[in-house]
Amino acid sequence: MYEEEAELLKKVTDWLEPQRRDGIKVLRICDRYAKGYSDLFINVRGQFVVAELKDNTGTASQHQKDFIEEMVACGAIGGVCRTVAEVADLVDQAKRRRSDWT
């Protein structure tokens, strides 16, 4: 767990960067007009993942929970993550789901 969300964000993006060669691309979308967007949008070989990052004391807002729920209802994988390992679990779920398609 991390005391600062910014530190977790850095660790996660550092972990994801070398995986670009493996068909994984991460996007960070900041929209000051829309509430609830997840911190990271991750494309895992065509499978959409949303990850809301929180430090060890943070909690997801209702807007953030609703956004994740809406994305999952549309076929994405998503969740609130406090560690790099939890983001890795979402990416692994996407890889497994993607391999089921082929």
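Let me begin with the term I will need most: rings of Phe, Tyr and Trp (its six-membered ring) pair if their centres lie within 6.5 Å, and planes under 30 degrees apart count as stacked, over 60 as edge-to-face and the rest as tilted. What we have here is a predicted model, in which local features need pLDDT of at least 70 and side-chain atom pairs count only at pLDDT 80 or more, while totals for chains, interfaces and linings use all residues. Residues are numbered from 1 along each chain as its sequence is written, and side-chain values use heavy atoms, with hydrogens and water left out.

By that ring rule there are 4 aromatic pairs. The rings of Tyr37 and Phe41 make an edge-to-face pair, because their centres are 6.2 Å apart and their planes stand at 85°. Phe41 also pairs edge-to-face with Phe67, at 5.9 Å centre to centre and 70° between the planes. Since Phe41 lies in strand 2 (residues 40-44) and Phe67 in helix 2 (residues 62-73), this pair ties together parts that are 26 residues apart in sequence; helices (H or I, at least four residues) and strands (E, at least two) are DSSP runs, numbered from the N terminus.

How buried or exposed is Phe41? Phe41 has a relative accessible area of 8% and is buried, where buried means under 20%, exposed over 50% and partly exposed in between, with a 1.4 Å probe and protein chains only. Phe67 is likewise buried, at 10%, whereas Tyr37, at 33%, is partly exposed. Together with Phe48, Tyr37, Phe41 and Phe67 form one aromatic cluster.
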